[in-house]
Amino acid sequence: MIDLRSDTVTKPTQAMRKAMARAEVGDDVYGEDPTVNRLQEMVATMFGKKAALFVPSGTMANQLAIRLHTQPGQEVIVESTAHIVRYEQGAAGALAGVQLHWVAGNRGLISPEQVEAAIRPKDPHTIQTALVCLENTHNSGGGTIYPLATIERIRAVTATHGIPMHLDGARLFNAIAATTLPPASYAQHFDTLSVCLSKGLGAPAGSLLMMNDLSLLDKAKRLRRMYGGAMRQSGILAAAGIYALEHHIGRLKEDHDHAKRLARRLEQIPTVRINHQDVDTNIVIFDVIGHRLSPPAIVTALKQEGVLINAIGGTSFRAVTHLDVSGAMTDEACEIFSRVLGD
Ligand code: TLP
(Lines give C-alpha, C1' and ligand atoms only; values in the text may rest on other atoms or scores of the structure.)
Protein backbone atom coordinates (compact mmCIF):
# COMPACT_ATOMS: atom_id res chain seq x y z
CA MET A 1 0.00 0.00 0.00
CA ILE A 2 1.29 3.47 -0.86
CA ASP A 3 0.04 5.61 2.00
CA LEU A 4 -0.23 9.26 0.93
CA ARG A 5 -2.83 10.27 3.53
CA SER A 6 -0.31 12.23 5.57
CA ASP A 7 3.36 12.53 6.49
CA THR A 8 2.21 11.58 10.00
CA VAL A 9 1.88 7.91 8.95
CA THR A 10 5.62 7.19 8.86
CA LYS A 11 6.98 4.46 11.11
CA PRO A 12 10.28 4.86 13.00
CA THR A 13 13.23 3.36 11.10
CA GLN A 14 15.38 0.64 12.67
CA ALA A 15 18.14 3.18 13.32
CA MET A 16 15.66 5.53 15.02
CA ARG A 17 14.34 2.68 17.15
CA LYS A 18 17.92 1.84 18.20
CA ALA A 19 18.47 5.48 19.23
CA MET A 20 15.22 5.32 21.24
CA ALA A 21 16.25 2.09 22.96
CA ARG A 22 19.63 3.57 23.94
CA ALA A 23 18.17 6.85 25.29
CA GLU A 24 19.18 7.95 28.76
CA VAL A 25 16.01 8.94 30.60
CA GLY A 26 14.74 10.58 33.80
CA ASP A 27 11.54 12.16 35.06
CA ASP A 28 10.90 15.17 32.84
CA VAL A 29 8.38 16.73 35.24
CA TYR A 30 11.39 17.17 37.56
CA GLY A 31 13.37 18.47 34.55
CA GLU A 32 15.62 15.41 34.91
CA ASP A 33 15.39 13.72 31.54
CA PRO A 34 18.80 14.34 29.94
CA THR A 35 17.60 13.39 26.45
CA VAL A 36 14.59 15.72 26.59
CA ASN A 37 16.88 18.49 27.88
CA ARG A 38 19.30 17.85 25.01
CA LEU A 39 16.53 17.95 22.42
CA GLN A 40 15.12 21.19 23.86
CA GLU A 41 18.55 22.85 23.85
CA MET A 42 19.30 21.60 20.36
CA VAL A 43 16.05 22.96 18.90
CA ALA A 44 16.24 26.30 20.75
CA THR A 45 19.81 26.81 19.47
CA MET A 46 18.86 25.81 15.93
CA PHE A 47 16.10 28.44 15.83
CA GLY A 48 17.96 31.11 17.81
CA LYS A 49 15.45 31.12 20.68
CA LYS A 50 16.24 31.04 24.40
CA ALA A 51 14.00 28.07 25.21
CA ALA A 52 12.14 25.13 23.69
CA LEU A 53 9.58 22.97 25.49
CA PHE A 54 8.91 19.36 24.45
CA VAL A 55 5.18 18.61 24.16
CA PRO A 56 3.32 15.54 22.87
CA SER A 57 1.71 17.09 19.79
CA GLY A 58 1.53 20.02 17.41
CA THR A 59 -2.01 20.70 18.56
CA MET A 60 -0.86 21.04 22.15
CA ALA A 61 1.98 23.39 21.12
CA ASN A 62 -0.49 25.65 19.29
CA GLN A 63 -2.99 25.60 22.12
CA LEU A 64 -0.37 26.40 24.76
CA ALA A 65 0.73 29.34 22.63
CA ILE A 66 -2.82 30.67 22.26
CA ARG A 67 -3.41 30.35 26.00
CA LEU A 68 -0.06 32.01 26.81
CA HIS A 69 -0.73 35.11 24.75
CA THR A 70 -4.43 35.70 25.40
CA GLN A 71 -7.12 36.26 28.01
CA PRO A 72 -10.63 34.76 27.75
CA GLY A 73 -12.87 37.03 25.68
CA GLN A 74 -10.11 38.23 23.37
CA GLU A 75 -9.59 37.49 19.71
CA VAL A 76 -6.93 35.69 17.64
CA ILE A 77 -6.37 36.52 13.96
CA VAL A 78 -5.81 33.39 11.89
CA GLU A 79 -6.22 32.30 8.28
CA SER A 80 -9.63 30.71 7.67
CA THR A 81 -8.36 27.21 6.73
CA ALA A 82 -5.54 27.08 9.30
CA HIS A 83 -5.03 23.90 11.31
CA ILE A 84 -6.02 25.89 14.40
CA VAL A 85 -9.40 26.63 12.79
CA ARG A 86 -10.05 23.38 10.99
CA TYR A 87 -8.51 20.50 12.89
CA GLU A 88 -8.11 21.36 16.59
CA GLN A 89 -11.66 20.59 17.71
CA GLY A 90 -12.44 24.17 18.67
CA ALA A 91 -9.74 24.09 21.36
CA ALA A 92 -9.02 27.83 21.20
CA GLY A 93 -12.62 28.52 22.29
CA ALA A 94 -12.94 25.52 24.60
CA LEU A 95 -9.59 25.82 26.40
CA ALA A 96 -8.49 29.45 26.09
CA GLY A 97 -11.94 31.07 25.84
CA VAL A 98 -10.93 33.14 22.82
CA GLN A 99 -12.71 33.88 19.57
CA LEU A 100 -10.96 33.16 16.27
CA HIS A 101 -11.09 35.93 13.67
CA TRP A 102 -10.73 34.19 10.30
CA VAL A 103 -9.08 35.95 7.41
CA ALA A 104 -9.46 34.27 4.00
CA GLY A 105 -6.04 33.60 2.53
CA ASN A 106 -4.58 32.85 -0.86
CA ARG A 107 -3.38 29.23 -0.70
CA GLY A 108 -3.36 29.73 3.06
CA LEU A 109 -1.33 32.94 3.08
CA ILE A 110 -2.65 36.26 4.35
CA SER A 111 -1.19 39.66 3.58
CA PRO A 112 0.04 42.44 5.89
CA GLU A 113 -2.85 44.59 4.63
CA GLN A 114 -5.38 41.92 5.64
CA VAL A 115 -3.81 41.65 9.09
CA GLU A 116 -3.89 45.44 9.50
CA ALA A 117 -7.57 45.52 8.49
CA ALA A 118 -8.44 42.66 10.89
CA ILE A 119 -6.88 44.22 13.99
CA ARG A 120 -9.70 45.62 16.13
CA PRO A 121 -9.72 49.25 17.17
CA LYS A 122 -9.02 49.91 20.84
CA ASP A 123 -12.47 51.26 21.69
CA PRO A 124 -14.55 50.18 24.66
CA HIS A 125 -17.18 48.31 22.59
CA THR A 126 -14.90 46.19 20.48
CA ILE A 127 -13.33 42.80 21.20
CA GLN A 128 -9.56 43.11 21.54
CA THR A 129 -7.04 41.43 19.23
CA ALA A 130 -4.54 39.53 21.37
CA LEU A 131 -2.55 37.42 18.89
CA VAL A 132 -1.85 36.75 15.21
CA CYS A 133 -1.13 33.12 14.20
CA LEU A 134 0.49 32.11 10.91
CA GLU A 135 1.12 28.59 9.55
CA ASN A 136 4.28 27.73 7.57
CA THR A 137 4.13 25.64 5.50
CA HIS A 138 0.37 25.94 5.18
CA ASN A 139 -1.26 22.53 5.24
CA SER A 140 -4.69 23.26 3.70
CA GLY A 141 -3.13 25.79 1.35
CA GLY A 142 -1.22 22.86 -0.20
CA GLY A 143 2.12 22.95 1.67
CA THR A 144 2.55 26.63 0.81
CA ILE A 145 5.71 28.40 1.95
CA TYR A 146 5.26 31.84 3.51
CA PRO A 147 7.67 34.25 1.80
CA LEU A 148 9.98 35.65 4.48
CA ALA A 149 9.35 39.18 3.20
CA THR A 150 5.60 38.77 3.84
CA ILE A 151 6.25 37.56 7.38
CA GLU A 152 8.54 40.56 7.98
CA ARG A 153 5.83 42.94 6.80
CA ILE A 154 3.15 41.24 8.92
CA ARG A 155 5.49 41.51 11.90
CA ALA A 156 5.95 45.22 11.23
CA VAL A 157 2.15 45.66 11.32
CA THR A 158 1.64 43.69 14.55
CA ALA A 159 4.62 45.44 16.20
CA THR A 160 3.02 48.85 15.73
CA HIS A 161 -0.07 47.54 17.55
CA GLY A 162 1.92 45.67 20.23
CA ILE A 163 0.34 42.33 19.24
CA PRO A 164 2.38 39.11 19.61
CA MET A 165 2.72 36.52 16.86
CA HIS A 166 2.73 32.71 16.98
CA LEU A 167 3.88 30.43 14.17
CA ASP A 168 2.37 26.98 13.66
CA GLY A 169 5.54 25.50 12.23
CA ALA A 170 4.38 21.87 12.14
CA ARG A 171 6.09 21.70 8.72
CA LEU A 172 8.56 24.55 9.07
CA PHE A 173 11.38 22.08 8.32
CA ASN A 174 9.85 21.60 4.87
CA ALA A 175 9.99 25.37 4.28
CA ILE A 176 13.58 25.45 5.54
CA ALA A 177 14.61 22.54 3.32
CA ALA A 178 12.93 24.09 0.26
CA THR A 179 14.26 27.63 0.70
CA THR A 180 17.58 26.77 2.44
CA LEU A 181 16.98 29.81 4.66
CA PRO A 182 18.47 29.56 8.16
CA PRO A 183 15.83 28.43 10.71
CA ALA A 184 16.33 31.59 12.79
CA SER A 185 15.40 33.81 9.85
CA TYR A 186 11.80 32.64 10.24
CA ALA A 187 11.85 32.22 14.02
CA GLN A 188 13.06 35.76 14.79
CA HIS A 189 9.68 37.24 13.80
CA PHE A 190 7.61 35.21 16.26
CA ASP A 191 7.13 35.44 20.03
CA THR A 192 6.38 31.72 20.06
CA LEU A 193 6.72 29.06 17.39
CA SER A 194 6.11 25.34 17.21
CA VAL A 195 7.81 22.64 15.16
CA CYS A 196 6.72 19.01 14.83
CA LEU A 197 8.98 15.96 14.83
CA SER A 198 6.20 13.61 13.75
CA LYS A 199 5.44 15.04 10.30
CA GLY A 200 8.14 14.98 7.56
CA LEU A 201 10.90 14.21 10.06
CA GLY A 202 9.43 10.77 10.73
CA ALA A 203 9.54 10.61 14.54
CA PRO A 204 6.63 8.82 16.26
CA ALA A 205 5.51 11.80 18.38
CA GLY A 206 6.51 15.16 19.74
CA SER A 207 6.61 18.87 19.05
CA LEU A 208 8.52 21.78 20.51
CA LEU A 209 7.19 25.16 21.52
CA MET A 210 9.90 27.85 21.42
CA MET A 211 10.12 31.30 22.94
CA ASN A 212 12.61 33.95 24.05
CA ASP A 213 10.70 35.13 27.09
CA LEU A 214 11.58 32.80 29.99
CA SER A 215 8.53 33.87 32.00
CA LEU A 216 6.47 32.42 29.14
CA LEU A 217 8.42 29.16 29.48
CA ASP A 218 7.47 28.86 33.14
CA LYS A 219 3.83 29.52 32.31
CA ALA A 220 3.96 27.08 29.36
CA LYS A 221 5.26 24.30 31.64
CA ARG A 222 2.34 24.81 34.04
CA LEU A 223 -0.18 24.88 31.18
CA ARG A 224 1.38 21.75 29.64
CA ARG A 225 0.75 20.05 32.97
CA MET A 226 -2.82 21.41 33.06
CA TYR A 227 -3.47 20.10 29.54
CA GLY A 228 -2.13 16.65 30.48
CA GLY A 229 1.00 16.92 28.37
CA ALA A 230 3.70 16.71 31.06
CA MET A 231 5.38 13.37 30.43
CA ARG A 232 7.85 11.37 32.51
CA GLN A 233 10.59 9.27 30.81
CA SER A 234 9.89 11.03 27.52
CA GLY A 235 13.57 10.85 26.59
CA ILE A 236 12.61 7.73 24.63
CA LEU A 237 10.55 9.98 22.34
CA ALA A 238 13.05 12.83 22.46
CA ALA A 239 15.77 10.42 21.25
CA ALA A 240 13.69 9.74 18.15
CA GLY A 241 13.43 13.51 17.64
CA ILE A 242 17.17 14.04 17.98
CA TYR A 243 17.80 11.23 15.51
CA ALA A 244 15.28 12.78 13.10
CA LEU A 245 16.89 16.23 13.35
CA GLU A 246 20.31 14.74 12.68
CA HIS A 247 19.32 12.45 9.80
CA HIS A 248 16.01 13.43 8.22
CA ILE A 249 16.08 17.17 7.47
CA GLY A 250 18.41 16.84 4.48
CA ARG A 251 16.16 14.33 2.73
CA LEU A 252 12.95 16.42 2.83
CA LYS A 253 13.78 17.73 -0.64
CA GLU A 254 13.21 14.21 -1.97
CA ASP A 255 9.63 14.39 -0.67
CA HIS A 256 9.19 17.73 -2.43
CA ASP A 257 10.46 16.25 -5.71
CA HIS A 258 8.07 13.33 -5.35
CA ALA A 259 5.14 15.68 -4.67
CA LYS A 260 6.00 17.72 -7.76
CA ARG A 261 6.16 14.54 -9.83
CA LEU A 262 2.70 13.50 -8.61
CA ALA A 263 1.31 16.97 -9.35
CA ARG A 264 2.71 17.03 -12.91
CA ARG A 265 1.11 13.68 -13.59
CA LEU A 266 -2.21 14.65 -12.01
CA GLU A 267 -2.23 17.81 -14.12
CA GLN A 268 -2.48 15.64 -17.25
CA ILE A 269 -5.66 13.90 -16.13
CA PRO A 270 -8.73 15.68 -17.61
CA THR A 271 -10.92 15.35 -14.48
CA VAL A 272 -8.21 16.75 -12.20
CA ARG A 273 -7.71 20.44 -11.36
CA ILE A 274 -4.25 21.28 -10.10
CA ASN A 275 -1.37 23.55 -11.05
CA HIS A 276 1.94 21.82 -10.37
CA GLN A 277 3.51 25.24 -9.85
CA ASP A 278 1.41 25.59 -6.69
CA VAL A 279 3.20 22.63 -5.10
CA ASP A 280 5.95 24.16 -2.97
CA THR A 281 6.74 21.22 -0.68
CA ASN A 282 5.32 17.77 0.15
CA ILE A 283 1.55 18.39 0.05
CA VAL A 284 -0.49 17.98 -3.13
CA ILE A 285 -4.06 19.28 -3.00
CA PHE A 286 -6.21 18.75 -6.05
CA ASP A 287 -9.83 18.73 -7.14
CA VAL A 288 -11.59 16.06 -9.17
CA ILE A 289 -14.44 17.49 -11.22
CA GLY A 290 -16.95 15.61 -13.37
CA HIS A 291 -15.77 12.11 -12.49
CA ARG A 292 -18.41 9.36 -12.44
CA LEU A 293 -17.43 8.41 -8.85
CA SER A 294 -18.19 10.42 -5.70
CA PRO A 295 -15.22 11.61 -3.58
CA PRO A 296 -15.55 8.73 -1.05
CA ALA A 297 -15.87 6.25 -3.93
CA ILE A 298 -12.72 7.71 -5.53
CA VAL A 299 -10.82 7.15 -2.26
CA THR A 300 -12.08 3.54 -2.17
CA ALA A 301 -11.21 2.90 -5.82
CA LEU A 302 -7.68 4.24 -5.30
CA LYS A 303 -7.32 2.11 -2.18
CA GLN A 304 -8.33 -1.00 -4.10
CA GLU A 305 -5.52 -0.23 -6.55
CA GLY A 306 -3.00 0.34 -3.72
CA VAL A 307 -2.96 4.09 -2.98
CA LEU A 308 -4.37 5.78 0.10
CA ILE A 309 -5.26 9.49 0.02
CA ASN A 310 -7.64 11.70 1.98
CA ALA A 311 -10.78 13.41 0.68
CA ILE A 312 -10.70 16.79 2.45
CA GLY A 313 -14.14 18.18 1.70
CA GLY A 314 -16.13 19.07 -1.43
CA THR A 315 -14.26 17.93 -4.53
CA SER A 316 -10.82 18.26 -2.91
CA PHE A 317 -8.26 15.58 -2.11
CA ARG A 318 -4.88 15.61 -0.42
CA ALA A 319 -1.82 13.46 -1.10
CA VAL A 320 1.29 13.89 1.05
CA THR A 321 4.76 12.50 0.35
CA HIS A 322 7.11 11.39 3.14
CA LEU A 323 9.96 9.24 4.36
CA ASP A 324 8.16 5.96 3.64
CA VAL A 325 7.37 6.83 -0.01
CA SER A 326 10.21 6.07 -2.42
CA GLY A 327 10.67 7.30 -5.99
CA ALA A 328 9.45 3.93 -7.29
CA MET A 329 6.32 4.15 -5.13
CA THR A 330 5.72 7.68 -6.42
CA ASP A 331 5.88 6.39 -10.00
CA GLU A 332 3.48 3.58 -9.15
CA ALA A 333 1.08 6.06 -7.49
CA CYS A 334 1.20 8.18 -10.68
CA GLU A 335 0.14 5.13 -12.73
CA ILE A 336 -2.69 4.34 -10.32
CA PHE A 337 -3.95 7.96 -10.35
CA SER A 338 -3.97 7.93 -14.16
CA ARG A 339 -5.80 4.63 -14.25
CA VAL A 340 -8.47 5.43 -11.65
CA LEU A 341 -9.03 9.15 -12.21
CA GLY A 342 -8.62 9.00 -15.97
CA ASP A 343 -11.23 6.26 -16.11
N1 TLP B 1 -1.98 17.82 10.70
C2 TLP B 1 -2.54 16.51 10.39
C3 TLP B 1 -4.04 16.49 10.62
O4 TLP B 1 -4.35 16.94 11.88
C5 TLP B 1 -4.83 17.27 9.62
C6 TLP B 1 -2.16 16.15 8.96
O7 TLP B 1 -2.35 14.97 8.61
O8 TLP B 1 -1.67 17.01 8.22
N9 TLP B 1 -0.35 22.14 12.56
C10 TLP B 1 -0.40 21.71 11.31
C11 TLP B 1 -0.14 22.65 10.19
C12 TLP B 1 -0.68 20.36 11.04
O13 TLP B 1 -0.77 19.95 9.78
C14 TLP B 1 -0.89 19.48 12.11
C15 TLP B 1 -1.24 18.02 11.88
C16 TLP B 1 -0.83 19.99 13.41
C17 TLP B 1 -0.55 21.33 13.60
C18 TLP B 1 -1.11 19.15 14.62
O19 TLP B 1 -0.17 18.21 14.87
P20 TLP B 1 -0.54 16.96 15.82
O21 TLP B 1 -1.25 15.97 14.97
O22 TLP B 1 0.80 16.50 16.30
O23 TLP B 1 -1.38 17.46 16.93
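**Exercise 1. Find the polar partners of the ligand's oxygen atoms in this predicted model.**

Start with threonine 59: a polar atom of its side chain is 2.6 Å from a ligand oxygen. Next, look at histidine 83, where a side-chain N or O atom lies 2.8 Å from an oxygen atom of the ligand. Then check the backbone: glycine 58 has a polar backbone atom 2.9 Å from an oxygen of the ligand. Now hold these against the cut-off: a polar contact needs a pair of N or O atoms within 3.5 Å. The threonine 59 distance of 2.6 Å fits, and so do the 2.8 Å at histidine 83 and the 2.9 Å at glycine 58.

As for cover, the ligand on its own exposes 510 Å², and the protein buries 82% of that.

**Exercise 2. Describe the shell around the ligand: how many residues surround it, and of which classes?**

Count first: 14 residues surround the ligand. Pick out the closest ones, which are Ser6, Thr59, His83, Asp168 and Arg171. Sort the shell by class, and you get seven polar, five charged and two nonpolar residues. Finally, ask which helix gives the most to this shell. That's helix α3, spanning residues 58-69, with three residues.

**Exercise 3. Work out which pocket the ligand sits in, and describe its lining.**

The ligand sits in the second largest pocket. Its volume is about 280 Å³. There are 19 lining residues, and those closest to the pocket centre are His83, Asn139, Ala170, Arg171 and Lys199. Two elements give two or more residues to this lining: α3 and β7 (192-196). Of these, α3 provides the largest share, three residues. By class, the lining splits into nine polar, six charged and four nonpolar residues.

Compare your lists: His83 and Arg171 are among the closest to the ligand, and they turn up again among those closest to the pocket centre.

**Exercise 4. Now do the same for the largest pocket: what is its volume, and which elements line it?**

Begin with the space inside, about 340 Å³. Here, too, 19 residues form the lining; Asp28, Gly31, Leu53, Lys221 and Arg224 are the closest to the centre. Go through the elements that give two or more residues, and you'll find α2 (34-47), β2 (51-55) and α10 (214-226). The top contributor is α10, with six residues. To finish, tally the classes: eight nonpolar, eight charged and three polar residues.

Note on methods:
Residues numbered from 1 in each chain as written. Predicted model: local features only at pLDDT ≥ 70, side-chain atom pairs only at ≥ 80, totals over all residues. Heavy atoms only, no water. Near = heavy atom within 4 Å. Polar contact = N/O pair within 3.5 Å; in protein donor to acceptor, adjacent residues only side chain to side chain. Areas by Shrake-Rupley, 256 points an atom, 1.4 Å probe, with all protein chains shown as cover. 1 Å grid on protein atoms, 1.4 Å probe; cavity = no way out; pocket = protein on both sides within 12 Å on 5 of 7 lines; lining within 4 Å. Sits in = over half its atoms within 2 Å of the grid points. Helix = DSSP H or I, 4+ residues; strand = E, 2+ residues; numbered from the N terminus. Nonpolar A, V, L, I, M, F, W, Y, C, P; charged D, E, K, R; others polar. Points joined across faces, edges and corners; volume = space filled by probe spheres on them.
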